[in-house]
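These are my notebook entries on what I looked up in this structure, set down in the order in which I went through it.

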Amino acid sequence: MDLLNTLVDKGLRRELPTREEALAVLATSDDELLDVVTAAGKVRRQWFGRRVKLNYLVNLKSGLCPEDCSYCSQRLGSKAGILKYTWLKPDQASEAAAAGLAGGAKRVCLVASGRGPTDRDVDRVSDTIKAIKDQNEGVEVCACLGLLSDGQAERLREAGADAYNHNLNTSESTYGDITTTHTYADRVDTVQKAHAAGLSACSGLIAGMGESDEDLVDVVYSLRALDPDSVPVNFLIPVEGTPLAKEWNLTPQRCLRILAMVRFVCPDVEVRIAGGREVHLRTMQPLALHLANSIFLGDYLTTEGQAGKADLEMIADAGFEVEGTGQVTLPEHRVTAGTGGGCGSHAEAGCGSHEGGGCGPCGSAADEQAPATARVPETARVSEARTDLVAVRRRGAGTDLAPNA
């Protein structure tokens, strides 16, 4: 298939595909799916070998968010029966993080609901970062606290944070359909603040919110231009009690095509399968490891994930290995370039404005998603609603029960 040969060649050279090529990946047939996975897998192995990076979420503050993101179970007016609690103390957060690190995670993602942190909140999170790093040598810490004000990214960096997550979530043209309390530009501004402070930027998307193929390509090209080191790909989990809980637009095949498209457009960045992989990829999760080089271990923010032991077994059975704390995730050319240096050559990526922010999890919109205004043709909605696979988290942070890690 000439298209795939071209995309592999470009991916190995870190060249930007054309928009038409990216759209063609999403339009491939089920008969061509394994060819698509094989081609994108060559690019993944070129830059990341067979390593899988494990990340672990700690939800520092759950629920009661003033923002109206329609995919989120923690949103303003949400009727989802999720855990609601205020800030964990540093020792509580450190204890929660220890479970994920013991399971093999090398990065801890500290997430808090809300529009953005106050200066006092930054102090709290700074104390938590120090507590985790004091007890776990070599651990990476990513913060995800919403929209940042001037100087806050620098303070987090000084406290020991390695990265900051703020997702674009969807295309600029459709952003107003899912959120009205902040803008796409607000999100971009926060990612740029993280970059400027010397933090590794993490910004991704949510698929399955009724977007078109063009919307998906738009947001991924915007991400490439924004230049993050990691791109989490979330698959919408329609949580009961959120505005669009009845939307089920994804199939395992569709998810694999999306991951392949992201890999071709962002060949040398950490592509993370984030929220929703268990719900939408299901038994095809191992195939997705040929496209992405990073996953979340265990549970998400407000929903349960696959058992941590099952994650580790899946990685081993598929012939991959867990990335160790002594291994560097990113390819050498990106590390030597310093923080940033996005999906290949950032000079060639120009697709609209780039903005990321809000209270999305560290790449894990899984726990808090429900699609916005549907734009997928009715004939394309072939996915069966698997509400049996959506379970609200009742263990780990904010409870007295042991976490899943």
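Entry 1, a loop residue with an unusual backbone angle. I began with Arg14, which sits in the loop between α1 (2–13) and α2 (19–26). The model is a predicted one, and in it the phi of Arg14 is near 60 degrees, a positive value in a residue other than glycine. I noted this angle because most residues other than glycine have a negative phi. With a relative accessible area of 28%, Arg14 counts as partly exposed.

Entry 2, a second such residue. I then turned to Leu64, whose phi is likewise listed as near 60 degrees, again a positive value in a residue other than glycine. Leu64 belongs to the loop between β1 and α4, and because its relative accessible area is 66%, I recorded Leu64 as exposed.

Entry 3, Tyr85. I looked next at Tyr85, which is placed in the loop between β1 and α4 (90–102). Is Tyr85 buried or exposed? Its relative accessible area comes to 13%, which falls under the 20% limit, so I entered Tyr85 as buried. I checked its partners and found that the side chain of Tyr85 reaches the backbone oxygen of Asn59 at 2.6 Å, while the C-alpha atoms of Tyr85 and Asn59 lie 9.6 Å apart in space, with 26 residues of separation in sequence. Leaving aside neighbours within four places in sequence, the contacts of Tyr85 include Asn59, Leu60, Lys61 and Ser62, and also Arg393, Ala397 and Gly398.

Entry 4, Asp299. I moved on to Asp299, in the loop between β9 (294–296) and α13 (308–317), and asked which side chains it meets through polar contacts. One is that of Arg395, at 2.7 Å, and another is that of Asn404, at 3.1 Å. Asp299 has a relative accessible area of 6%, and therefore I wrote it down as buried. Not counting residues up to four places away in sequence, I found Asp299 touching Leu57, Glu304, Gly305, Arg393, Arg395 and Asn404.

Entry 5, cavities. I counted three cavities of 30 Å³ or more in the structure, and the largest cavity holds about 120 Å³ of space. Asp299 came up again here, since the largest cavity has 13 lining residues, of which Tyr56, Leu57, Asp299, Arg393 and Ala397 lie nearest its centre. Strand β1 (residues 51–61) gives the most to this lining, with four residues, and the lining as a whole divides into seven nonpolar, three polar and three charged residues.

Entry 6, the largest pocket. I noted about 420 Å³ of space in the largest pocket, which is lined by 22 residues, with Arg107, Glu140, Ser200, Asp229 and Leu330 closest to its centre. I sorted the lining of the largest pocket into three nonpolar, 10 polar and nine charged residues.

Entry 7, the chain as a whole. I recorded 14 helices and 10 strands, and 62% of the 405 residues as buried. Among contacts with a separation of 6 or more, 81% join residues 24 or more positions apart.

Entry 8, confidence. I closed with the pLDDT, which averages 88 over the chain, 89% of the residues scoring at least 70. Over residues 339–381 the pLDDT is below 50, and I noted that this stretch nevertheless has 198 contacts in the model beyond near neighbours in sequence.

Key:
Residues numbered from 1 in each chain as written. Predicted model: local features only at pLDDT ≥ 70, side-chain atom pairs only at ≥ 80, totals over all residues. Heavy atoms only, no water. Helix = DSSP H or I, 4+ residues; strand = E, 2+ residues; numbered from the N terminus. Buried < 20%, exposed > 50% of the residue type's maximum accessible area, 1.4 Å probe, protein only. Polar contact = N/O pair within 3.5 Å; in protein donor to acceptor, adjacent residues only side chain to side chain. Contact = heavy atoms within 4.5 Å. pLDDT = per-residue confidence, 0-100. 1 Å grid on protein atoms, 1.4 Å probe; cavity = no way out; pocket = protein on both sides within 12 Å on 5 of 7 lines; lining within 4 Å. Points joined across faces, edges and corners; volume = space filled by probe spheres on them. Nonpolar A, V, L, I, M, F, W, Y, C, P; charged D, E, K, R; others polar.
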